[in-house]
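Trainee: Could you take me through the inside of this protein? I'd like a close look at how the nonpolar residues gather there, and then how the parts around them fit in.

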Amino acid sequence: KNYLQMVLRELSRRDAEAGYGSRDRPKRSVGSYDVFECESMSVPNVSAEAWCLKGAVRASTPPPSDSVCLVLGAGNQNFLSLIDVIDRVFQHDQVVLLKHHPLRPFLYAPYERILAPLVEAGLVRMVLDEGIAFAEELCSHVRVGHVHVTGSGATHDAICRTLDASGRGAGQVGVTCELGCVTPWLLCNGEWKAGEIEFQAKCLAFSKKFGGGANCLSPQALIVDDDWPQLPEFLEALKRSLRDLPTPPAYYPGAEDRLSALKGEYGPGRCEPVAGTPHPSSTSEAGSSTRPLLPVHLLDCGYFGEPDFVAAGLRKEAFCPALCLVRVRAGNDMSSFLSQATRVANDHLEGSLSCSVSCPESAKGSEDLERAIEALKYGAVGVNCSTVFGYVSSTAGGGWGAYPGLYTRE
């Protein structure tokens with residue numbers, strides 16, 4: 001609802017103002033960024049800023065005006081496909097064919113009601129999924145000028161292969177994707193109060209367990225200073241929160257296999273399952289389990305840069321309840337830790353969608369933290385919160401997407 005209201009508000013304002021955009025002025029500059037105020041997030045104690053690169057961003061070539069944008073629906077959240085459709089229609093002036101995800105055919109009926117004005121105007125049509133061959137046929141259709149998907153890197157590659165095989169590859173059909181991330185969570189050292197440790201541990205635990213880890217912003221790599229004296233206290237608080245929070249069913253296909261494969265890379269000495277009570281949605285009316293209940297597994301990668309470091313959990317988005325512990329030696333110095341942790345996050349983890357930084361109250365506004373936010377090549381950075389609020393910021397003048405300019409089609 002907030003996103004639709006934002007679109008209505010912005011389009012109305014754009015029509016009413018001849019000098020649209022001239023009202024926006026940065027409140028400050030940080031290195032290569034201009035920083036703009038966002039509107040109220042309507043979330044207690046959470047605010048947002050839009051950090052915009054000063055250099056121009058190259059615009060993509062628009063598709064032919066008589067072509068269709070094919071939106072391949074997301075499988076893990078009900079609202080994602082709807083926002084993708086609204087975005088392509090109103091921000092990109094495209095007519096849209098939405099193919100619903102095979103896990104979520106039940107969305108057809110409510111979407112039909114919500115999108116009725118666009119359907120009646122001939123701007124949107126919807127179809128249910130009929131298998132891989134059907135999706136390939138849609139992608140390669142001569143009238144499709146753009147394909148957008150919220151999914152995985154493997155899905156992106158499959159789309160490109162299909163387009164290449166049909167002779168309609170690069171240069172003929174645009175492809176945009178929101179592909180997820182091996183999401184890092186940087187845990188600063190310093191002097192923490194007991195309440196700060198409890199609260200941040202709970203934030204991390206909830207973010208990891210939400211949706212069984214099947215989220216593009218689900219934290220996957222917890223980067224810590226092994227020299228921080230309060231690290232054992234934080235890890236105990238994290239395990240306590242993981243045990244206290246109900247465990248949702250692992251509903252997403254392949255979650256059990258992906259978790260099993262990751263566990264095999266680390267072995268029993270570096271793998272610690274932390275079980276919680278079953279979530280009510282995990283059992284049927286008869287009391288039997290409807291999906292596997294997978295506890296969050298803490299996988300200890302070891303010390304970054306040392307010979308026995310295991311990097312398997314950093315190379316691919318897990319989409320399951322796995323959390324990798326990445327240790328650096330920073331001597332309990334925040335500047336050293338943030339410098340090392342930022343390099344690990346930027347250079348050794350797949351993706352650049354979003355990340356979080358947890359720090360004590362005393363670190364907020366510090367030059368070390370500001371430099372780290374500037375250096376992190378991620379589209380959204382959450383400070384002492386999950387980047388679910390980064391997604392929410394797109395309804396308040398922020399944005400959601402990968403860090404600009406890092407990727408080619410290949």
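Mentor: Let's go straight to the largest nonpolar core, which has 68 residues. The ones with the most contacts inside that core are L115, L186, I223, Y266, V326, F337 and L338. Keep in mind that this is a predicted model.

Pick L115 and see what surrounds it. If you skip its neighbours within four places in sequence, L115 is in contact with L82, V85, I86, V124 and M126. There's also a second, separate core, this one with 22 residues, and W185, C203, L204 and F234 are among them.

Now hold on to L204 and F234, since both turn up again where two helices meet. Helix α7 covers residues 194–209 and helix α8 covers residues 231–244. Two packed helices are described by the angle between their axes and the distance between the axes. For this pair, the axes come within 8 Å and cross at roughly 45°. An angle that is neither under 35 degrees nor in the range 65 to 115 nor over 145 counts as oblique, so α7 and α8 are oblique to each other. The crossing is right-handed. On the α7 side, the contact is made by A194, I197, E198, Q200, A201, K202, L204, A205 and K209. From α8 come E233, F234, A237, L238, R240, S241 and L242. Sort that contact by class and you get nine nonpolar, two polar and five charged residues.

L338, from the list for the largest core, leads us to another pair. Helix α10 (residues 334–348) and helix α11 (residues 367–375) have axes that come within 10 Å and cross at roughly 10°. Angles under 35 degrees count as roughly parallel, so that's what α10 and α11 are to each other. Here S335, L338, T342 and N346 of α10 meet D368, L369, R371, A372 and A375 of α11. By class, that contact has four nonpolar, three polar and two charged residues.

While you're on α10, find Q340, which sits in that helix. Q340 is partly exposed, with a relative accessible area of 22%. Leaving out residues up to four places away in sequence, Q340 touches V328, R329 and A330.

Finally, try N76, in the loop between β4 (68–72) and α2 (80–91). Its relative accessible area is 9%, so N76 is buried. Again not counting residues up to four places away in sequence, N76 touches R104, A214, N215, C216, Y251, Y252 and F319.

Terms used
Residues are numbered from 1 along each chain as its sequence is written. This is a predicted model: local features need pLDDT of at least 70, side-chain atom pairs count only at pLDDT 80 or more; totals for chains, interfaces and linings use all residues. Side-chain values use heavy atoms; hydrogens and water are left out. Axes are lines fitted to C-alpha atoms, for helices over the stretch in contact, and angles run from 0 to 180 degrees between N-to-C directions. Helices (H or I, at least four residues) and strands (E, at least two) are DSSP runs, numbered from the N terminus. A crossing is left-handed if the near helix is turned anticlockwise from the far one by less than a right angle, and right-handed if clockwise. Contact means heavy atoms within 4.5 Å. Ala, Val, Leu, Ile, Met, Phe, Trp, Tyr, Cys and Pro count as nonpolar, Asp, Glu, Lys and Arg as charged, and the others, Gly among them, as polar. A nonpolar core is a set of buried Ala, Val, Leu, Ile, Met, Phe, Trp, Tyr and Cys residues joined through side-chain atoms within 4.5 Å. Buried means under 20% relative accessible area, exposed over 50%, partly exposed in between (1.4 Å probe, protein chains only).
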